[in-house]
Amino acid sequence: MSHLFQTVDTPDGPFTAVAGPSGAVIASGWTDSVTTLLSRVRPENRPGVVVPGTVTAVDAVLAYYDGGPRSVTDVPVELHGTDGQLAGWEALRRIAPGRPLTYTEFAAQLGNPRAVRAAASVCARNPVALFVPCHRVLRADGSLGGFAWGEDVKRRLLDREERTTTV
């Protein structure tokens, strides 16, 4: 079976998810370019064929934008990385919507509060944006820090999550 991709319109722009035959998401983000998404997957794990189709994870994206911020972390993902990256991506999925952490706090959750650069690298290399919510990590001074899909998208995601979790 082929890998499938599906793009949907969101208030933050087009969002595309690429999923494997099991339905697990291997790449996602705010773009309509499958090539851009697949460049975030390790070369040895990139699928040879990706065709348009229905990706069930998109339902969780639409639910997220309808006010269900927890829906996205229930979506199965297929990740390939170092042991540290895999542990970091799993830890990111446990950050509650509306309760962002600093990079220092995130590093502490990973076992080393001084490893802020390593924690930031885990976020930067996340291939499945939104499903692994790396946007929920901020600089110590409260500023956004980087985000592969643009700081404006990161700000809107955080604002949306704060609104939907305090209602």
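## Exercises on a predicted model

**Exercise 1. Helix H6: does length match span, and what covers this helix?**

Task: find what span the 15 residues of helix H6 (residues 151-165) should have, and compare the end C-alpha atoms.

Solution.
- Step 1. Helix H6 runs over residues 151-165, which makes 15 residues.
- Step 2. The expected span is 1.5 Å times one less than the number of residues. That rule gives 21 Å for H6.
- Step 3. The end C-alpha atoms of H6 lie 21 Å apart, so the model agrees with the expectation. The model is a predicted one.

Task: list the buried residues of H6, and state what covers them.

Solution.
- Step 1. Take buried as under 20% relative accessible area. Val153, Lys154, Leu157, Leu158, Arg160 and Glu161 are the buried residues of H6.
- Step 2. Those residues span an arc of only 160 degrees around the axis, so they sit on the same side of H6.
- Step 3. Their cover includes helix H2 (57-65), helix H4 (103-109) and strand S6 (137-138).

**Exercise 2. The strands at the start of the chain**

Task: work out how strand S2 (residues 13-19) is covered, and how S2 pairs with S1 and with S3.

Solution.
- Step 1. Count the cover. Of the 7 residues in S2, 5 are buried, so mostly covered is the right description under the 20% cut-off.
- Step 2. Pair S2 with strand S1 (residues 3-10). The sense is antiparallel, over 7 bridges. Asp9 stands opposite Pro14 in S2. A hairpin joins S1 and S2, with 2 residues between them.
- Step 3. Pair S2 with strand S3 (residues 25-29). The sense is again antiparallel, over 4 bridges. Ala17 faces Ser28 of S3 across this pairing.
- Step 4. Look at the turn. S2 and S3 also form a hairpin, with 5 residues between them. Gly23 in that turn has a positive phi of about 95 degrees.

**Exercise 3. The whole chain**

Task: give the order of helices and strands in the protein chain, then judge how compact the protein chain is.

Solution.
- Step 1. The protein chain holds 6 helices and 6 strands. Along the sequence their pattern is β-β-β-α-β-α-α-β-α-α-β-α.
- Step 2. The radius of gyration is 15 Å, close to the 15 Å from the globule rule for 167 residues, so the protein chain is as compact as a globular protein of that length.
- Step 3. Check the burial. Buried residues are 46% of the 167 residues.
- Step 4. Check the contacts. Among contacts between residues at least 6 apart in sequence, 56% join residues at least 24 apart.

Notes:
Residues are numbered from 1 along each chain as its sequence is written. This is a predicted model: local features need pLDDT of at least 70, side-chain atom pairs count only at pLDDT 80 or more; totals for chains, interfaces and linings use all residues. Side-chain values use heavy atoms; hydrogens and water are left out. Buried means under 20% relative accessible area, exposed over 50%, partly exposed in between (1.4 Å probe, protein chains only). The arc is that of the directions from the helix axis to the C-beta atoms. Contact means heavy atoms within 4.5 Å. The radius of gyration is taken over C-alpha atoms; the globule rule is 2.2 Å times the number of residues to the power 0.38. Two strands pair if DSSP finds at least two bridges between them.
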